[in-house]
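These are my notebook entries on one structure, set down in the order in which I looked things up. The sequence and model come first, and the entries follow.

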Amino acid sequence: MLDKIKKKIIGVLQKGTETLLPNKVGDLFEELIVNKTYKDTKEKYIQLLSKNTKFEKSFIRSLINKLEIIDNNIKCAHGPFELYLMQASLLALDLKGPVLELGCYKGGSTAKLSLICNLTGRELHAFDSFEGLPPPSELDVKHNFIPWISTKKTVHYTCGSYAGSLEEVKSNVSKYGNIDSCSFYKGFFEETLPNFSQKPAFIFMDVDYIESAKNVIKNLWPKLISGGYFFSHEALVEDYIKEISDPLWWRTEFNESPPLFYGAGYGICWRSGKYSFPSNLFYFKKN
Ligand SMILES: C[S@@+](CC[C@H](N)C(=O)[O-])C[C@H]1O[C@@H](n2cnc3c(N)ncnc32)[C@H](O)[C@@H]1O
């Protein structure tokens with residue numbers, strides 16, 4: 001049964017670039033984790049990406065090897081496969097424009113994105129307080145997870161968690177990523193984002209707080225290029241998803257309905273099957 005589904009998905013994937021949407025490669029990753037056929041599956045992933053993008057297999061293989069080195073050397077607050085999923089979208093993205101990262105922690109995701117940006121001729125703009133989380137508002141002290149999908153029930157946040165100084169992040173990116181592709185913006189989002197005037201093609205927001213996320217969306221949604229991707233962590237956090245997708249908030253801020261949130265509530269990637277490994281990623285797209 002699983003084989004049948006897999007064949008179907010691969011068939012769809014082989015038809016064109018748009019089919020490289022991340023949730024469609026989820027089954028390959030499930031196999032990768034569950035059956036431990038890492039090398040085979042990695043090879044399939046490489047083949048798939050090279051077939052559907054302009055990039056050679058050797059190029060993709062060396063990129064993945066570098067991402068693995070980052071996982072082994074920098075403390076990251078994301079799963080390795082989450083970056084593979086965003087990598088698939090970025091390699092297939094046929095839109096000019098920089099990549100923006102909101103929330104760097106120690107610079108693991110920054111280093112990975114910087115390598116992908118360097119190889120695809122994009123700039124990476126990385127925003128963070130570089131002092132960790134600000135004091136939480138009442139809304140952000142505690143969030144509930146989606147009850148039936150996550151093994152955890154709640155998450156509690158405190159000021160200063162996930163701190164990585166600018167020096168530490170820069171040093172990690174210099175060692176393991178490509179620092180020349182990066183610009184860094186130190187400060188709280190409400191101070192740094194309003195002055196940013198470029199139009200991004202791809203955004204990765206990993207900021208934990210609802211208040212921070214709303215600030216990011218408020219400043220960047222209008223600037224995102226049509227067809228551009230807006231990825232976010234916290235797909236499995238019920239309170240976060242509920243607040244971020246509030247129709248009244250979208251109507252008040254942008255005079256529009258919220259976009260479709262792909263993966264919200266279950267996480268793109270390992271979403272079904274005998275074994276369930278939900279990622280914590282969802283995304284929305286600008287029309
Ligand atoms: C979970 S960590 C990011 C993890 C990182 N992307 C990774 O994969 O390793 C959250 C980050 O968001 C930053 N952050 C949250 N709210 C912020 C705000 N309002 N202004 C600036 N930085 C903020 C924190 O400093 C922290 O580095």
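Which residues are linked in a network of salt bridges? I found that Lys214, Lys242 and Glu243 make up such a network. I note at the outset that the model is predicted.

**Entry: the salt-bridge network**

I took the two pairs in turn. Glu243 bridges to Lys214, with 3.5 Å between the closest N and O atoms. Glu243 belongs to helix 10 (residues 238-244) and Lys214 to helix 9 (residues 210-220), so this salt bridge ties together parts 29 residues apart in sequence. Glu243 also pairs with Lys242, the closest N and O atoms being 4.0 Å apart.

I then looked up the accessibility of the three residues. Glu243 and Lys214 are both buried. For Glu243 the relative accessible area is 18%, and it counts as buried because the cut-off is under 20%. Lys242, at 57% relative accessibility, counts as exposed, because this value is over 50%.

**Entry: the remaining salt bridges**

How many salt bridges does the structure hold? I recorded 5. One of them joins Lys106 to Glu168, the closest N and O atoms lying 3.4 Å apart. This pair links distant parts of the chain, 62 residues apart. I located Lys106 in the loop between strand 1 (99-102) and helix 6 (108-120), and Glu168 in helix 7 (residues 166-176).

Is each partner buried, partly exposed or exposed? Lys106 has 18% relative accessibility and counts as buried. Glu168 has 31% and counts as partly exposed.

**Entry: a contact of helix 7**

I stayed with helix 7 and looked up Val173, which lies in it. Val173 is buried, its relative accessible area being 0%. Which distance separates Val173 and Ala111 in space? From C-alpha to C-alpha I noted 4.7 Å, although the two residues are 62 residues apart in sequence.

**Entry: the ligand site**

How many residues surround the ligand? I listed 20, and the closest are Ala77, His78, Gly103, Asp128 and Ser212. Sorted by class, the shell has 10 nonpolar, 7 polar and 3 charged residues.

I next looked up polar atoms facing the ligand. Ser109 places a polar side-chain atom 2.9 Å from a ligand nitrogen atom. Gly132 contributes a backbone N or O atom, 3.1 Å from an oxygen atom of the ligand. Phe189 likewise contributes a backbone N or O atom, here 3.2 Å from a nitrogen atom of the ligand. As for cover, the ligand has 600 Å² of accessible area on its own, and the protein covers 98% of this.

**Entry: cysteines**

How many disulfides does a search of the whole structure find? I noted 0. Cys182 is in no disulfide, and the nearest cysteine sulfur, that of Cys117, is 7.4 Å away. A disulfide requires sulfur atoms within 2.5 Å, so I did not enter this pair as one. Cys182 is buried, with 13% relative accessible area.

**Entry: recap**

I close with three points for reference. Glu243 forms salt bridges with Lys214 and with Lys242. Lys106 and Glu168 link distant parts of the chain. The protein covers 98% of the accessible area that the ligand has on its own.

Definitions and conventions: Residues numbered from 1 in each chain as written. Predicted model: local features only at pLDDT ≥ 70, side-chain atom pairs only at ≥ 80, totals over all residues. Heavy atoms only, no water. Near = heavy atom within 4 Å. Polar contact = N/O pair within 3.5 Å; in protein donor to acceptor, adjacent residues only side chain to side chain. Areas by Shrake-Rupley, 256 points an atom, 1.4 Å probe, with all protein chains shown as cover. Nonpolar A, V, L, I, M, F, W, Y, C, P; charged D, E, K, R; others polar. Salt bridge = Lys/Arg side-chain N within 4 Å of Asp/Glu carboxyl O. Helix = DSSP H or I, 4+ residues; strand = E, 2+ residues; numbered from the N terminus. Buried < 20%, exposed > 50% of the residue type's maximum accessible area, 1.4 Å probe, protein only.
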